[in-house]
Each structure stands twice: as C-alpha cells, then as structure tokens.
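Welcome to this tour! Open your viewer, keep the selection tool at hand, and follow along stop by stop.

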There are 4 protein chains.
Amino acid sequence: MSLADSQPRPDGPTRGRPRSEAVERSIIEGVMKLLEDGVPLAELSIERIARTAGVGKATIYRRWSGKEELFIDVVRTAEPPDPELPGTSLRDDLVAFLEQMRQRGLMTRSSALLRSVFAQVKSSPKLWDAYHTIVVEPRRRKQVALLLRAQENGELRADIDAELMNDLFIGPMLMRTVMRADTVMRADGDLPEGLSEQIVDAVLEGLRPVSSRTP
Amino acid sequence: MSLADSQPRPDGPTRGRPRSEAVERSIIEGVMKLLEDGVPLAELSIERIARTAGVGKATIYRRWSGKEELFIDVVRTAEPPDPELPGTSLRDDLVAFLEQMRQRGLMTRSSALLRSVFAQVKSSPKLWDAYHTIVVEPRRRKQVALLLRAQENGELRADIDAELMNDLFIGPMLMRTVMRADTVMRADGDLPEGLSEQIVDAVLEGLRPVSSRTP
Amino acid sequence: MSLADSQPRPDGPTRGRPRSEAVERSIIEGVMKLLEDGVPLAELSIERIARTAGVGKATIYRRWSGKEELFIDVVRTAEPPDPELPGTSLRDDLVAFLEQMRQRGLMTRSSALLRSVFAQVKSSPKLWDAYHTIVVEPRRRKQVALLLRAQENGELRADIDAELMNDLFIGPMLMRTVMRADTVMRADGDLPEGLSEQIVDAVLEGLRPVSSRTP
Amino acid sequence: MSLADSQPRPDGPTRGRPRSEAVERSIIEGVMKLLEDGVPLAELSIERIARTAGVGKATIYRRWSGKEELFIDVVRTAEPPDPELPGTSLRDDLVAFLEQMRQRGLMTRSSALLRSVFAQVKSSPKLWDAYHTIVVEPRRRKQVALLLRAQENGELRADIDAELMNDLFIGPMLMRTVMRADTVMRADGDLPEGLSEQIVDAVLEGLRPVSSRTP
DNA sequence: GCCTAACCGAGACGGTACGTCACGTCTTTTA
DNA sequence: TAAAAGACGTGACGTACCGTCTCGGTTAGGC
C-alpha cells in the first residue's frame, strides 16, 4: 500500500544506480503544488510536470506508464484517512462518516486539489476502477459492516438491504459535495455545519424498526 | 431552448450566407455516432469529428469555441425530457422521477454515450455550470416544488428543508447511476426493477408526519 | 491594352447589371495603396485586398482568376511609359533609356511598389511570361531597332549582334537596379546621377568602329 | 561556412541529444528532389517537405524559422563553387567567371531547381540580404580585385571605377541568365558557346587604355 | 414603369497549410 | 545504470486563406 513503483524494474532487483525516492516524492508534490496554485487540470502536461519537478520526462515514464497512473498515486497520497469512529452510537458513527465527506467538500486548499483530480479520475474508466478498488470500496465495506451489525442488534430494520441503506446515507451528501458543490455554489453555504446530523437523523427515522421510532 | 449557436454571429442577424442547420445536426450526430462506436473520449479530436461529419474545422469553431462547448450541445440533445408525472400520489410522482434516472443509468447504447460525455462535462467548471443551468436546475426546481406542495398539504414533515428532502430522494439513485454504475458493475444488477420504489418508500417513511406513518 | 476583364462574361454581351468600372479601379488602387504602405507582398491575401477595397471576394474572382492575374494589371497600371527619346544622337537616346531604368530604381514610393510586385511576378513563370510579352519585349524591340539603325549608319560596329549590344548597355544598369539596389544599399548612392552617361560612354567606346574612336 | 544551424540551440553547446546531421541533409535533399521532380515552388509547403523527408514539422522549425530560411541553405548547398581561374591573362580570367554564370544558366537539372528557389529568395529582402552576404558579395569582391590589379598593371583604364567595370562584364550575362533565360527562351540558344568570349572581348575593347587598343 | 438577369456586399462552406505544443521514445553527457 | 536534457516522428491544436457557394439587396437594360 506504499507509494507504488507502478512500473517495476524489468530485470533483477539491484543492479546499477538505484532509483531515487526523493525524485518520486518531488514529482508527486510538484503535481499537488501545481493544482493548489489553481492550474487547470487540462494544462497539466507531463512536460510541465517534469519542468516543475526539475526532472527529465524519461524519469517519470520510468515509474508510471502515463498521466493517469501518476494521478492515482497523487490521489492516494492526498486522500484523507478513514475517520476514527466514536463508537458511542450508530448515529454518531454515521455522522462521523458523513462529516468527513463534508469536510472534504469544503473549499479548503487541499480539497480543491482533490476535487479536480477526482474529476479527471472519474472521466477515465481505468482510473475510476483503480480509485474504486483502492479507496472507495474498502471504506464502503466498513460502512456496510457497521449497518449490518446494527441490523443484527435490532437497531435497524432487517427488511432493507444494508447496501441500499448505505446509499441512503451517503448519497445525499454526495449530491452536495460532488454534484453541486464544486461549481454552483461558491461559498460553503450549501454544506453548513449540522448538515451531517440532519441527514442522518432524517434517514434514520425511516430505517429504525417501528418499535423504536421517535414518538 | 433550441440548438443554440453558442458562438453568435458578431454582426447583425442576417448578412451573408446563413449558417446551415443541417451542418449543425451532422456535427452533433457525428459525435454521437463516434461515441456509440466505442471511440474513447480522449480520441475525439476536433479534427476527427470534422472528418466524420464531412465538415471543415472552421465550421465547428464558427459555432462552438472548443470541444467542451460542443459537448454541452451533444449532452443537451441526448438528454431525455423530464418524465410525465402520473399525479396519482406524491409517492408515484417521486418514483417517476427516480425511475427516469434509473432508465438513464442502464447500459443502453445512448446512455453509454451520455455517461462518457457527461464525465467530460463534469471535469470542467465552466461546462458544468452551463449544464447545471440548462438541464439540472430546472428539473430540480420541479422536484422541489412537488415536495413543497406536499409539505403544505401535510403529507410531509414541515421541519425539514424541502431542498434537503429532495437530495435524500435523488442522492441514493445518483450514487448508483453516476458513481458506481459506469465501471464497477457491468451487468445492470445494481439498478434492478423496483429500486426506485424501494428508495422512495424507505426515505418517505422518515419524512412523513408522525401521525401518518406506517403503523 | 485597356484594363482587361481577364475573366470575360461568359454569355451574351449585355444582359443584367453591367460590371462596375469603379469597383475595378478601387481594387487595383487598393493593392497599390497596401504596397505603398509597406505591406509585404506575402501578406497580400485576396481576403485582405477585398476588405481594403470594401468589396466581396467573388467580385474579385469575377474579374481575375487569381492573385497572379490581378497583379499583372497592377503592374501594367503602374509601369511608367517608355521614355521620349531626344533624338539628338545615339548616345543621348541610349542615355535616355538607361536614365528611365535608373529613375525607376530609385527609392521613390511608386518604385517601391513596382519592385515588390516585380519580385512576385518574377517568381511565377506564367506572370513573368505575361509581363515580358506586355512590357519588356516591346521596349527591348525599340532599343534594338535604335541600335540596328546605328549599325546601318556606321555609328556602331557591324560585327556584333545588335541584341547582344543591347544587353551590354542594359545589363549593367539592371545589375544595379534589380540585383543590388533593392536591398543591399539603402541610400541611392549606388545609382548616382551621371551613372547612365558613364555606362553608355564606357560601353560605346568598345562598340564604335575603330575609325570613329576617341583618340 | 558549414551547413548552419540557422536556429542555434539557445542553451549551452552540448546538453541532451544532439541534432542529427543526417536529418539536416535529408531535409535539404528532399527539397531539391521535389524541385527536380517539377513540383511548383508554390506547392512546396513545410508539411510536404517534412513528409517527403520523413521528418516531423517541428524538426524543421527547430533548425529554420520558416520556409525562407530553409531555402537559403538549399541555395547555398546547390550553388557551384567559384571557378578556378586560369591566370593566363585578364581576358581568360574574366571569361572564366562569365563562363560559370553561363553554365549555371543552362537548363541543367540542378539549375532549373536553383532558378525557382532563387526567385523566391529574391522576393524577400531579408533572404536576399543573407544570400548576398554569403554568396554574391564574396564572389564580387574577387572579381573587383582582379580588375583593380589590372588597373595597376596598366591593362585597364584607370579613370573608370572598378566596381562599375565589373558590372559592365557581369551585367550582360546576368541579363540573359536571370532575366530572359528562365521563361522566354526554352532551348539554350540564348546562351550559346562563345557568348562569354564575345561579351568580354566587346567590353574589354572600351576599357583598355587607348595605347593598347586593337588597331 | 415593370421585369429580370447579372451584379454587389457579406459571409458560410470544405479544404489545406500554418506554426505551436504535447505525446511517448530515443540518444547524448554526466554522475 | 540512473538522471537531466533535449532531439525525434506523430498528430491535434486554433487560425488564416483558398476558391466556391448561397443569401438579401441593388441596378441597369429590354419590354
């Protein structure tokens, strides 16, 4: 799960001068710097990245097979780790997941970065698959596991698929962070504090067993 | 709402030979044909589009300022019209909206096309704004109006913002059609018949006034 | 020999609106004006000429089949008429011819024009042929006739071809006006007053019969 | 005096892969081949030259700033070297110079080529200056030096400028090689053997001191 | 005093070439 | 052998003209 040499050295492991790890880092950080500086993704050519990182083009191609592969490593580096769950209640854990999505959707510097690479990643099936496998799916599995446990505890209705339930919680926040947030709204008015709680409470209301509903 | 000349003639309205509408159509349909034939979006150069449509490059640039602008019109042309609402009940109307999203998410020819252009549109703030203004926002307004009326009728709780409610319904389906559908799943197993009803019923359960809940 | 309609009207002589002579003039004068203003010949596109003359492109193509044909008429219009010969002596007549060449080679406005179109004319065999037939050859014939008469009078040696003699006089001046004058020298120091007399006198010295030489 | 990199590398002398001389040659020879095959100069686009030489356009622009600069090197490559002078007499040396001009004016393959590029070069002041500096002026200086020595020896009159004298010899041959030869005459009848001697003898007659004239 | 054919300006049209840029590969020197 | 530098063939970019073709609107005869 480390910063992969996506392009492994073809022959033996150690002959001649070894690849410099410093170079690896300076390339990825160079890309991040450019994105943070507001350079549109479309203007991120390999040549420009090499120039920025003070590196030869061949040095990039030796490690990644192209721009897409490189971006996977950039996203992986920038992606925030999964949130620590409070564990105090189902509701609190769900809120924690949504809250992390909301944070990422805010107009911070590092998120502006993420969002633009994200768009690029999304427009390439190959990248999207990789991103899904490495980042999205593991997190989704955690969320679904949480809900399954709650169903077994009787905290949630058992007659609805846990995967669908998960989408009921995640989908609305996604709606705002990915679909609307990046462009239409400029201020963060669309992602106010308390939004996570509002969503979780409203959806949870319909998913609890009848017996345990708010009176 | 007609096929716009995104690049309006700078001068008066009618001097010189008028632009041919047939050419306009053949360009847009040329793009659709290429996409349907499985040409990757990255290989859709203006030169190739012009060649396919049997048209000079200048003729394209006369109408659109670049590939992106052109894609807006392609999406707009392919975008299905808003669904006709049955009007029999709030639930049925909501299902109708979601059902349309589900249909679009299925792996039909025309939708495979749409989804890749859609990704491209999404990766450009300018395009995304335009798409939002022209396509998304009007539809969203209809949906919200529907919910507001239901709140006034007492069919829905009045203590939750109607816009948020709308996201609670739309978000989960979006999750599956846009986020997961294009790559992870190949068969349409993720968008089964009955999905719309499942979502609407589950979410509606938490949004009805306490008095009118399922016992 | 008038300003030709190089592109004659195909059918009968007079049906419909006749072509405007004013338009004809304004096109040719437009070209001259552009050249006098120092616009490089290479930048003289048909589109620009039409714009300058306030004329549609088709109006130009109706008269000339292309840029080259048009330039013939421009040169013809600008070419100075043959000089009037004093007739006082062979020497004076020869000087008159050379003096005209010298004048044209000076850096006057109208000659800057001529020289640049001349260069263009020269680079196209078709144009060069036309220019030769219309302008150069008739003048050359006059010069040769002059020399032939002088041979009959005994003023010139009879053992040298009159056409070659003509080149002996014309060539040196051409050397300076066409080959060197346009670029290398900037001031007109290379074409000083008295140059024509110098050339004629020097060459004439070798062409007179021995009996009549300067002692 | 080697095949210049008209577009010098901006940086230091030896960094990165050096420019291939083979490519340089194949471009210039490609142009020559096209011209020899009778392709009109106007159809010699950079794209076509690149295609013929099996070379990318950028590789051409890396060396020359445009078609014109390239043509200088083509002309320079094809230009015959200065003739070897017999040194037996002033007359023989002058004949040698003229004879070379006459040879070049004949309808040989390589000269048909040269003459059309030559016309192009002539139509651009910048090119013409360059051509003059590199090719014409050095040769002219040799010729003038020859005449100056003859003046000092008393073989030529001292009262006529040596530069003017030079034009008296060169001009007439130029008249036939450059002005008339390319188009009007087709066969080489205008440049017969013996022409050089005829011109030199006729002009020399007027330039010798009176004492040494043909009786 | 109409009729109508040809003119006129404007500018769209399918092409071709321009000169620039980035692609991914390759060949140098230097370390 | 890696690394920087940059040349290489390829091909798309967006612009400018080419010569042809519609447009709406004149402008002169011939009836």
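**Stop 1: Gln7(B) and its company.** Select Gln7(B) and show what surrounds this residue. Leaving out residues up to four places away in sequence, Gln7(B) touches Arg19(B), Tyr61(B), Arg62(B), Arg63(B), Trp64(B) and Ser65(B), where contact means heavy atoms within 4.5 Å. Gln7(B) sits in the segment before α1 (21-36) of chain B. Helices here are DSSP runs of H or I with at least four residues, strands are runs of E with at least two, and both are numbered from the N terminus. Is Gln7(B) buried or exposed? Neither quite fits: with a relative accessible area of 30%, Gln7(B) is partly exposed. Buried means under 20% relative accessible area, exposed means over 50%, and partly exposed lies in between, using a 1.4 Å probe and protein chains only. Now draw a distance from Gln7(B) to Ile72(B): they are 65 residues apart in sequence and 13 Å apart in space, C-alpha to C-alpha.

A word on what you are viewing: this is a predicted model, in which local features need pLDDT of at least 70 and side-chain atom pairs count only at pLDDT 80 or more, while totals for chains, interfaces and linings use all residues. Residues are numbered from 1 along each chain as its sequence is written, chains are lettered from A and ligands numbered from 1 in the order in which they are written, and side-chain values use heavy atoms, with hydrogens and water left out.

**Stop 2: Lys57(B).** Stay in chain B and select Lys57(B), which is found in helix α3. Its relative accessibility is 39%, so Lys57(B) counts as partly exposed. Setting aside neighbours within four places in sequence, Lys57(B) is in contact with Ile46(B), Glu47(B) and Ala50(B). Try a distance to Gly30(B) as well: 27 residues separate Lys57(B) and Gly30(B) in sequence, and 13 Å separate them in space, C-alpha to C-alpha.

**Stop 3: DNA strand E.** Select DNA strand E and the residues near it, meaning those with a heavy atom within 4 Å of the strand. Which residues come nearest? Of the 47 residues around DNA strand E, they are Lys57(A), Tyr61(A), Arg62(C), Ile46(D) and Tyr61(D). Colour this surface by class and you will find 11 nonpolar, 13 polar and 23 charged residues. In this scheme, Ala, Val, Leu, Ile, Met, Phe, Trp, Tyr, Cys and Pro are nonpolar, Asp, Glu, Lys and Arg are charged, and the others, Gly among them, are polar.

Zoom in on the phosphates next. A polar side-chain atom of Arg63(B) lies 2.7 Å from a phosphate oxygen of DNA strand E, and a polar side-chain atom of Thr59(C) lies 2.8 Å from one. From Gly56(B), a polar backbone atom is 3.3 Å from a phosphate oxygen of the strand. Of the strand E atoms within 4 Å of the protein, 70% belong to sugar or phosphate and the rest to bases.

**Stop 4: DNA strand F.** Switch your selection to DNA strand F. There are 48 residues around this strand, and Arg17(A), Thr59(A), Tyr61(B), Lys57(C) and Tyr61(C) come nearest. By class, the surface near DNA strand F has 10 nonpolar, 13 polar and 25 charged residues. Look for Ile46(C), where a polar backbone atom is 2.9 Å from a phosphate oxygen of DNA strand F. At Arg17(D), a backbone N or O atom lies 3.2 Å from a sugar or linking oxygen of the strand.

**Stop 5: Arg102(A).** Move to chain A, which has nine helices and zero strands. Buried residues make up 48% of its 215 residues. Select Arg102(A), in helix α5 (residues 90-105). Arg102(A) is buried, with a relative accessible area of 5%. A polar contact of 2.6 Å joins its side chain to that of Glu99(A); a polar contact is a pair of N or O atoms within 3.5 Å, and within protein one must be able to donate a hydrogen and the other to accept it, while residues adjacent in sequence count only if both atoms are side-chain atoms. The backbone oxygen of Leu191(A) lies 2.8 Å from a polar side-chain atom of Arg102(A).
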